[in-house]
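Q: Please give a close account of one buried charged side chain in this model and of the surroundings in which it sits. I would then like the account to widen to the aromatic residues, the charge pairs and the backbone features elsewhere in the chain.

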Amino acid sequence: MRKLVLFLHASLDGFVEGPNGEMDIGWVSYDAELEKHAKEILSTADTVIWGRGTYQMMHNYWPSVPSNPSASQHERDHAEWIEKTSKIVFSTTLEKVEWNNSRLVKEDVEKEIKNLKEQPGKDMVILGSPRFAHYLMQLDLIDEYKITVSPVLIGSGLPLFQGLKEKINLKLIENKTFDSGAIGLVYQTVR
């Protein structure tokens, strides 16, 4: 059975977006070591799960990276990976998705995620989409939480966890400390 994995960056005080909606820009301790860590995490996945907002943001950026002369090798490699990877977008407001290997799901999120878990393949990763991740947490559909905690306090913004109505037990299965002071945590949902 495939796992649904949440991969997000968070501040030490537990925020995944800053007070103005910025996602990890300027406050994540992103360096070559974290690039390698992200590549390792994404190597276990063949499907990306997004909500509407993150899909639109990513679609506006990543397809242009290969032709951008100032893009780093890491950015080029990620752009190539994401272009080839299946992308499933959950939205009730979008009418269509146009990115290569993308599919739109407009209804019955829980049934669709459970069906996807039964399909053959690698893991599915929620890459960003914290508001959609909150919804999936409430449905207890996330199997692993891969959180990179940056050594910064941003004071306010969108919390990593929000709207949980019931306790979710987790088991720490991996932790890494990076030279930047960031910590990579992997928790498995205990059911």
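A: In this predicted model, Lys87 is buried yet takes part in no salt bridge. The nearest side chain of opposite charge is that of Glu83, 5.5 Å away, and a salt bridge here requires a side-chain nitrogen of Lys or Arg within 4 Å of a carboxyl oxygen of Asp or Glu. Lys87 belongs to strand β4.

What lies by the polar end of the side chain is backbone. A polar atom of the Lys87 side chain is 2.6 Å from the backbone oxygen of Ile82. The backbone oxygen of Asn100 likewise lies 2.8 Å from a polar atom of the Lys87 side chain. Lys87 is also placed over the face of Trp99, at 4.9 Å from the ring centre. With residues up to four places away in sequence left out, the residues that Lys87 touches are Val48, Trp50, Ile82, Trp99, Asn100, Asn101, Ser102 and Arg103.

Two of these contacts, Trp50 and Trp99, lead to the aromatic residues. Across the whole structure, the search finds seven aromatic pairs. One of them joins Trp50 and Tyr55 in a tilted arrangement, with 6.3 Å between centres and 55° between the planes. Trp50 and Tyr55 are both buried. Trp50 also pairs with Trp99, and this pair is stacked, at 5.6 Å centre to centre and 15° between the planes. The stacked pair links distant parts of the chain: Trp50 is in strand β3 (residues 45-51), while Trp99 is in the loop between β4 (86-90) and β5 (102-105), 49 residues apart. Trp99, like Trp50, is buried. Through these ring pairs, Trp50, Tyr55 and Trp99 form a cluster; Trp99 of that cluster is the residue whose face Lys87 lies over.

Another contact of Lys87 is Asn101, which is located in the loop between β4 and β5. Asn101 is not a glycine, but its phi is positive, about 60°. Most residues other than glycine have a negative phi. With a relative accessible area of 37%, Asn101 is partly exposed, whereas Lys87 is buried.

Positive phi values recur elsewhere. Asp108, in the loop between β5 and α4 (109-118), has a phi near 50°. Asp108 is partly exposed, its relative accessible area being 47%. Asp140, which follows helix α5, has a positive phi near 55°. The buried residues of α5 (residues 130-138) are Pro130, Phe132, Ala133, His134, Leu136 and Met137.

Although Lys87 has no salt bridge, other charged residues in the model do, and the count comes to 14. Side chains of opposite charge can pair when their charged atoms come close. Asp46 and Arg2 are joined by a salt bridge of 2.8 Å, N to O. This pair connects distant parts of the chain, with Asp46 in strand β3 and Arg2 in the segment before β1, 44 residues apart. The partners are unlike in burial: Asp46 is partly exposed, at 27% relative accessible area, whereas Arg2 is buried, at 6%. Strand β3 thus holds Asp46 as well as Trp50.

A salt bridge also forms between Lys96 and Glu98, whose closest N and O atoms are 3.0 Å apart. Both Lys96 and Glu98 are exposed. In the salt bridge between Asp143 and Lys117, the closest N and O atoms are 2.9 Å apart. Here too the pair links distant parts of the chain: Asp143 is in the loop between α5 and β7 (144-150), and Lys117 is in helix α4, 26 residues apart. Asp143 is buried because its relative accessible area is 13%, and Lys117 is buried at 7%. Elsewhere, salt bridges with shared partners unite Lys3, Asp123, Glu144 and Lys146 in one network.

A last site is Leu12, in the loop between β1 (4-11) and β2 (15-17). Leu12 counts as exposed because its relative accessibility is 58%, and the cut-off for exposed is over 50%. Apart from neighbours within four places in sequence, Leu12 is in contact with Val149, Ser150, Val152 and Leu153. Between Leu12 and Gly157 there are 12 Å in space, C-alpha to C-alpha, for residues 145 apart in sequence.

Technical notes
Residues are numbered from 1 along each chain as its sequence is written. This is a predicted model: local features need pLDDT of at least 70, side-chain atom pairs count only at pLDDT 80 or more; totals for chains, interfaces and linings use all residues. Side-chain values use heavy atoms; hydrogens and water are left out. Rings of Phe, Tyr and Trp (its six-membered ring) pair if their centres lie within 6.5 Å; planes under 30 degrees apart count as stacked, over 60 as edge-to-face and the rest as tilted. Buried means under 20% relative accessible area, exposed over 50%, partly exposed in between (1.4 Å probe, protein chains only). Helices (H or I, at least four residues) and strands (E, at least two) are DSSP runs, numbered from the N terminus. A charge sits over a ring if NZ of Lys or CZ of Arg is within 6 Å of the ring centre and within 35 degrees of the ring normal. Lys and Arg count as positive and Asp and Glu as negative; His and the chain ends are not counted. A polar contact is a pair of N or O atoms within 3.5 Å; within protein, one must be able to donate a hydrogen and the other to accept it, and residues adjacent in sequence count only if both atoms are side-chain atoms. Contact means heavy atoms within 4.5 Å.
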